[in-house]
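User: Please take a close look at one helix pair in this model and at the core around it. I would like the cut-offs behind each term spelled out.

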Amino acid sequence: MSHTFYIAMSYAVSAAVILCLIAWTWLDGRARRQELAELEASGIRRRSAQAKDDAA
Amino acid sequence: MTDSLAISKFSELANPTRFLALAARILPWMAAATVILFAIGLYLSFTTEGDYQQGATVRIMYVHVPAAWLSMMCYTVMAVSAIGTLVWRHPLADVSHKAAAPLGAAFTLIALATGSLWGRPMWGTWWVWDARLTSVFVLFLMYLGLIALNRAMDDPSRAARVSAVLILVGFVNIPIIKFSVDWWNTLHQPASVIRMGGPTIDQEFLWPLLIMAIAFTVLFFTLHTMAMRNEIWRRRVAAQRRMAARMAGREA
């Protein structure tokens, strides 16, 4: 196999792992944000947020 | 007076809500810096000269070496966080080492895979069980073990304390990885950048390597901040669900 094959594979493997990592982190964040929004919509809020609202 | 100011600044950062606000402010800048640094780094990686002996395969170094550096730096960040968990009970320390473990595993995997792809044309073999390669493989297994341990325990603060002890015990592997090439006879070359007496690597290769290393480091901190933010959100969701279940129990 030519040297070009090894170089291309190295960059391809690195890019694939990094892109998977970015996608996984981003999708995980989006799912958690959605869960928090759903909880908020159903009237469940953090105690600190409730305390602030009560004081206001 | 200065002591109390420093302590109050420190505890300000320890507050997860403040951390979330800070993360929201700095993440777009960190992401932009990562993209710019990778653009410059990759441009230099493919436009600079090849090595007189290795030819173009020297370009594998520009991803292999930064990934290998990061695999060790990530573990060091985790060890500092583990001290934060055990000594100061810092609220963000547990979150920090839990969020860093999958990132460390990913960068170690890149280092192992690209090292193997570089080894085949240069050494004539994909893999040897020499000191450097074996100790990095052990680091990879440790990351996987820490991820499994964190997922196996339901109570996050207990999982954090047990992981913190394991991280600190495992930290002994980091100097072994760094000095393995000096202490034992290995196929892997000794250090040529971070060494006593300065770098021995040619300027032609040093610049792309340094810029790629900075790009990888900024990428790591961007992803680490994002993963920490996700973990804080995950804990909030769990706490709010517990609260909702308690409220439902009381009403029933």
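Analyst: What follows describes one helix packing and then the nonpolar core. This is a predicted model, in which local features need pLDDT of at least 70 and side-chain atom pairs count only at pLDDT 80 or more, while totals for chains, interfaces and linings use all residues. Residues are numbered from 1 along each chain as its sequence is written, and chains are lettered from A in the order in which they are written.

Helix α4 (residues 91–123) of chain B packs against helix α5 (residues 131–152) of chain B at an angle of about 150°, their axes lying 9 Å apart; helices here are DSSP runs of H or I with at least four residues, numbered from the N terminus, and axes are lines fitted to C-alpha atoms over the stretch in contact, with angles from 0 to 180 degrees between N-to-C directions. α4(B) and α5(B) are therefore roughly antiparallel, a term for angles over 145 degrees. Residues of α4(B), including B:Leu109 and B:Leu112, meet residues of α5(B), including B:Phe140 and B:Ile147, where contact requires C-beta atoms, placed from the backbone, within 7 Å.

The largest nonpolar core has 61 residues, and B:Cys74 and B:Leu103 have the most contacts inside it; such a core is a set of buried Ala, Val, Leu, Ile, Met, Phe, Trp, Tyr and Cys residues joined through C-beta atoms within 7 Å, buried meaning 20 or more other C-beta atoms within 10 Å of a residue's own. Among the elements that give two or more residues to this core are α1 (3–41) of chain A and α4 and α5 of chain B. Leaving aside neighbours within four places in sequence, B:Cys74 is in contact with B:Ala100, B:Leu103, B:Gly104, B:Phe107 and B:Phe220. Between the chains, 21 residues of chain A are in contact with 30 residues of chain B.

Note on methods: Angles under 35 degrees count as roughly parallel, over 145 as roughly antiparallel, 65 to 115 as roughly perpendicular and the rest as oblique. Two residues are in contact if their C-beta atoms, placed from the backbone, lie within 7 Å. A residue is buried if 20 or more other C-beta atoms lie within 10 Å of its own, exposed if 12 or fewer, and partly exposed in between; C-beta atoms are placed from the backbone.
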